[in-house]
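Open the model in your viewer and keep the selection box at hand. We will go from one stop to the next, and at each I will say what to select and what you will find there.

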Amino acid sequence: MRYRSSRAVMMLAGFAIASSAAGCDRIEERLDLRPKQKQSPARVAEIAALRLQREGRLRMTAVRFDDRGPSAVSTRMNYELNAPWAHVEDTDIRGFLDGSMKYPFNQGTSYHMRVGRRYGGPRDGRFELKRSLVRWVLPELPADARMTSASVTVWIESFLSDSPLRREREKFLPLHLYLYPVREEWGAGKGGIRQDDFSRAAPGEASWTDARAEELAWTAPGALTPDAEGPGNRYVVPALAVGTIVKDNAALSLEGGGVAEYLQEVYEEGSTFSVLLKLEDDEEDRWGTELAILSSNFGSEKDAFSKRPRLEFELEVPGPAWTSELSYALEAGTEHVASPLRHPGGTVVIALELEEGDGIPPALFVRGGKAGQAPVDVAWEPYHYPVVREWDWSQVKLAAPGQRLGWGDTLRFDLQETWVRPGPPEKQVPELVLVSPSGRQMLVAARPDREFWYRFEFQPDEFGLWRYGWSFRPTRTRPLGSHEGEGVFYLGIPGEPTAGQRLEQLAEHLVASLEEVKFTDPVVQNNIDGFTRWAAAYRLRGPEERQIADRLLELVGEALVAADP
């Protein structure tokens, strides 16, 4: 039986959007990006075809790593760290190897990082070189663990339409992306003195010449020190890994023993996992090799984080271990709570792994406590990677993908632009496609909100599982399909104190709908059936709830009789 790691299973498990928009170095005064037509049929079909992982198996493991007694064994656990669940920072740096710079920028909040040699905007007959920095703050890890494997995965953004990489692909590709360790403490920054990713690095922020402006200079420009003894070794520190780039809009993994060894070092030191991304030297020297890597600011926190830089590793933990396995089958909008796993005494690391399967996996939650503490008294916490806790028991909950909304709730999608704005906000129009449970397709355009933000607002009006997909074309040269995310949410009647009030509102809505729309309308029928289902469950709560439900069922029933003479 194959299991996939805890973080991978969270992909597309929610719906809230906090997306970063894109831009370019050259600010265009009037860039009309207003969509001329609705989303392509292929994109809508892709959204409508989103599937849930409705059944499978989950394994829960607890290891008491502070016990080296005779019952100790070695257990392997998998971690996947990317934003927002893990603390990840990144920025690109740009300049020339002699230490000069065209733009002394910090771009720590951009939606992407870049590597390679530019193909536009020369200065004194030369084109800038770009490299990127990424840093992961490691979570609390069990003591005396041993790293058995590690990798860094990044997403290569779609090549711009005017890039030589797109026009002359066979001439330029493949390219080779290298991973180097960085020991200096650099400042990711907030986008320069104006916090716009297009201004000089503020004190403490990284740039081409400084790890922290006005505080600490790099030993050499570009954050990598050449080996003066060369040519056998070009740099003082050797590369950790290399990946081959053969296409854009795709993931690229850099893995190997060097990554695991460096991770073991920083783990034992209690420091961060900090790396530099660069192209091979010869490729850095070739005009037109510039490409972009999506950053930890890209996309939404729920549906696009799989494209953000990701550190994956497996570690071996010694100590007594407890394991339980659970089979589950989840309808949309439901949850499954497993029986507690008991592991008395000491500090444990808790790991959850889902069996590999097709579709959007369920969201995972954990809770635990001391012996004698009742589970109902403990709040659930979202699970993203193994956690260290002083618990005597642990419990897991699986929730069908997508946040559950109550009838009458408004869905709000906030998109954040964290890059150079290429035109007036009203000329940049992100789009949201929604597919309702009955198959209706809707297109919602965002509106400019506060500075650097756009907002979608939509009030779903149909019970059941909704699917959505957002798209944004930040610049004219960025290909369609480069910036997208998709996911699901569920509309129902929540099991909270407002359930009766919401049933009342829904009943009034149905009565009004039946006066304007035929009762055979698919949406009306879907909502009538959903209302009946929720009212039938609500009436079982008690005598007072039974009276409310019966009254509302009678009210809707009379309206249906009148609508079907």
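**First stop: an open sheet**

Start with the five strands that make up an open sheet of mixed pairing, in the order E25-E32-E31-E27-E28. Strand E25 (404–406) and strand E28 (441–445) are at the edges; each has a single partner strand, so one side of each lacks a neighbour in the sheet. On average, neighbouring strands here are turned by 30° against each other, direction ignored. Please keep in mind throughout that this is a predicted model.

Now select residues 464–471 and 484–492, which are strands E31 and E32. They pair in the antiparallel sense, over eight bridges. Which residue of E32 is the bridge partner of Tyr468? Label Gly487, and you have that partner. While you are looking along these strands, a general point may help: in a regular strand, side chains alternate between the two faces of the sheet.

Next, add residues 41–48 to the selection. This is helix H1, which lies across strand E27 (431–435), E28, E31 and E32. H1 runs at about 140° to E31.

**Second stop: helices H6, H7 and H8**

Two packed helices are described by the angle between their axes and the distance between the axes. Try this on residues 499–516, helix H6, and residues 522–538, helix H7: their axes come within 11 Å and cross at roughly 150°. H6 is therefore roughly antiparallel to H7. The crossing of H6 and H7 is left-handed.

To see the contact, show these side chains:

- from H6: Ala499, Gly500, Leu503, Leu506, Ala507, Leu510, Ser513 and Leu514
- from H7: Val524, Asn527, Ile528, Phe531, Trp534, Ala535 and Tyr538

Colour them by class, and the contact of H6 with H7 splits into twelve nonpolar residues, three polar and no charged.

Keep H6 on screen and bring in helix H8, residues 543–563. The axes of H6 and H8 come within 9 Å and cross at roughly 10°. H6 and H8 are therefore roughly parallel to each other. On the H6 side, the residues to show are Leu503, Glu504, Ala507, Leu510, Val511 and Leu514. They meet Arg551, Leu552, Leu555, Val556, Ala559, Leu560 and Ala563 of H8. This contact has eleven nonpolar, no polar and two charged residues.

**Third stop: strand E20 and its partners**

Is strand E20, at residues 348–355, mostly covered or mostly open? Seven of its eight residues are buried, so count E20 as mostly covered. Select residues 55–64 as well: this is strand E3, which pairs with E20 in the antiparallel sense over seven bridges. Here Met60 stands opposite Leu352 of E20.

E20 is also joined to strand E23 (residues 387–389) by three bridges, and the two run antiparallel. Label Ile350 and then Val387 to see a bridge pair of E20 and E23.

**Fourth stop: a buried arginine**

Go to residues 129–137, strand E7, and pick out Arg131. Is Arg131 buried or exposed? Its relative accessibility is 1%, so Arg131 counts as buried. Then add Arg94: the two residues are 37 apart along the chain, and their C-alpha atoms are separated by 6.5 Å.

**Fifth stop: backbone details**

Most residues other than glycine have a negative phi, and most peptide bonds are trans. Here are places to look for something else.

- Ala83 and Pro84 are joined by a cis peptide bond, with omega about 10°. Pro84 is in the loop between strand E4 (73–81) and strand E5 (87–95).
- Leu173 to Pro174 is also a cis peptide bond, with omega near 5°. Find Pro174 in the loop between helix H3 (169–172) and strand E9 (175–181).
- Gln195 has a positive phi, near 50°. Gln195 sits in the loop between E9 and strand E10 (210–212), and is partly exposed, with a relative accessible area of 48%.
- Asn249 has a positive phi, near 50°. Look for Asn249 in the loop between strand E12 (241–245) and strand E13 (250–255); at 33% relative accessibility, Asn249 counts as partly exposed.

**Last stop: the whole chain**

Zoom out to finish. The protein has eight helices and 32 strands, and 55% of its 565 residues count as buried. Among contacts between residues at least 6 apart in sequence, 78% join residues at least 24 apart.

Note on methods. Residues numbered from 1 in each chain as written. Predicted model: local features only at pLDDT ≥ 70, side-chain atom pairs only at ≥ 80, totals over all residues. Heavy atoms only, no water. Pairing = 2+ DSSP bridges. Helix = DSSP H or I, 4+ residues; strand = E, 2+ residues; numbered from the N terminus. Axes fitted to C-alpha atoms, helices over the stretch in contact; angles between N-to-C directions. Contact = heavy atoms within 4.5 Å. Parallel < 35°, antiparallel > 145°, perpendicular 65-115°, else oblique. Left-handed = near helix turned anticlockwise from the far one by under 90°. Nonpolar A, V, L, I, M, F, W, Y, C, P; charged D, E, K, R; others polar. Buried < 20%, exposed > 50% of the residue type's maximum accessible area, 1.4 Å probe, protein only.
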